[in-house]
Amino acid sequence: MVSVSDAQAIILNLVQPLDHQRDTEVVDLLVADSRILAVPVTSPLDFPHWDNSAMDGYAVRYEDVQHSSENPAVLEIVEDIPAGYQPKSTIQPGQAARIFTGAVIPAGADTVVMQEKTRREENRVFILDAPKPQEFVRQKASFYQARTQLLPAAIKLNAPEIAVLAAAQCPQLSVYRRPRVAIFSTGDELMTVEQPLQPGQIVDSNQYALAALVRQSGAEPILLGIVKDDPVALEKVIAHAVAIADIVLSSGGVSVGDYDYVDKILESLKAKIHIRAVEMRPGKPLTVATFPTPPTPSSPSSPPTSPLPTPHSPLYFGLPGNPAAVLVTFWRFVLPAIKKLSGITEGWEPVFLKVRSHHELRSNGKRETYLWGKLHLIDGVYEFHQANGSQSSGNLINLAQTNALAVLPVGKTLIYPQEEVQVLQLSNG
């Protein structure tokens, strides 16, 4: 059994990011949000494209107005320049142009006086206060110089980046393809949402939860359904999954029971098992494995809509069967792996915060313990409120609306109210 920190290090060392030449596609800018940029972007445009005004006011020659605080300068207004208009005049000594925010600075002018510091009388403007040299002039290329790097590769494209790319007239982008994550659940007791339940049967909620988490992470879920506790059927599904996916997530079948076949099947498929159990609660039964080469699917034929085989070895996660344990192990280990695989160069690791605990938190201290709850901002300080009800790995109900996991390290059995506690902030981006 490995520690949680060692498990994280092992998993992230196993992840091989998508290849910037092989694993890319071109997408339109309008659908590029949340994608990972595969190549750096440059633009032929300077930003600003031209010298322009940062204020409504008057474009002037600084030397005409530099002493206006002592004796107001009086200038002749020779032109009005709204945004989107190309100036026709060159500002001569003793002249000014009425100008608006974003408008092109006319030739001859080098400074803008804000209108609040002026008084206009017909075609004359009185400058009541001396501006600073080049005040309120946004110089051409002062934000960005054409043909230099605008955005680096391996970043996630959120709204600010999309806005920059639109302004730079980049209608299409090369991005990494979405990682493919195969998901299936194991167990004779599992039924789908649509099936009526008989005594002893439960709904396979894990597959729905994992599919949602995978989508939220920016990856593509491939749902392979429920597999009964039959070694032959399970081997076929595992072989097919690892042949078509970058990451495989199975839930159940990784403990030490008579019907837990996953580890033995992985070994029969020549997988190398790196982790068999983690020193954490919930989530102790966790299998992590890799394959020397992607195995050939055992099934005689794949569905026509199946993805093409992946050109590299996938990472296999055999998650526990209990619903809370599935979510905790996904947040703790799988999500960072998907982030690194997706092509981003940093920010894979889980985000931990030190906050104040509202409740008394307890653990037996034998394993690193994760308690779910919600962060609340109280008088400018975050507090962790533990979810009401049982913190059992089989209790899915009180996980709803949680956004954080309090972490009690090995040996720590009690956190008092108002005492500091480390929490894992839950995020899927």
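Arginine 35 is buried, its relative accessible area being 6%, and in this predicted model that residue offers a convenient place to begin reading the charged side chains. The partner of arginine 35 is glutamate 25, with which it forms a salt bridge whose closest N and O atoms are 2.5 Å apart. Because glutamate 25 belongs to strand S1, which covers residues 24-28, while arginine 35 sits in the loop between S1 and strand S2 (41-42), the pair ties together parts that are ten residues apart in sequence. Glutamate 25 itself, at 33% relative accessibility, counts as partly exposed, whereas arginine 35 is buried.

A further pair is found at arginine 22 and aspartate 23, which form a salt bridge with their closest N and O atoms 3.4 Å apart. Here aspartate 23 counts as buried, with 3% relative accessibility, since the threshold for that class is under 20%, and arginine 22, at 46%, counts as partly exposed. These residues also belong to a wider arrangement, for Arg22, Asp23, Arg177 and Asp246 are linked in a network of salt bridges.

Further along the sequence, glutamate 121 forms a salt bridge with arginine 124, and the closest N and O atoms of that pair lie 3.3 Å apart. Glutamate 121 has 33% relative accessibility and counts as partly exposed, and arginine 124, with a relative accessible area of 38%, is likewise partly exposed.

The pairs described here are to be read against the total for the structure, which holds 15 salt bridges, among them the one between glutamate 25 and arginine 35 and the one between glutamate 121 and arginine 124.

Notes. Residues are numbered from 1 along each chain as its sequence is written. This is a predicted model: local features need pLDDT of at least 70, side-chain atom pairs count only at pLDDT 80 or more; totals for chains, interfaces and linings use all residues. Side-chain values use heavy atoms; hydrogens and water are left out. A salt bridge is a side-chain nitrogen of Lys or Arg within 4 Å of a carboxyl oxygen of Asp or Glu. Buried means under 20% relative accessible area, exposed over 50%, partly exposed in between (1.4 Å probe, protein chains only). Helices (H or I, at least four residues) and strands (E, at least two) are DSSP runs, numbered from the N terminus.
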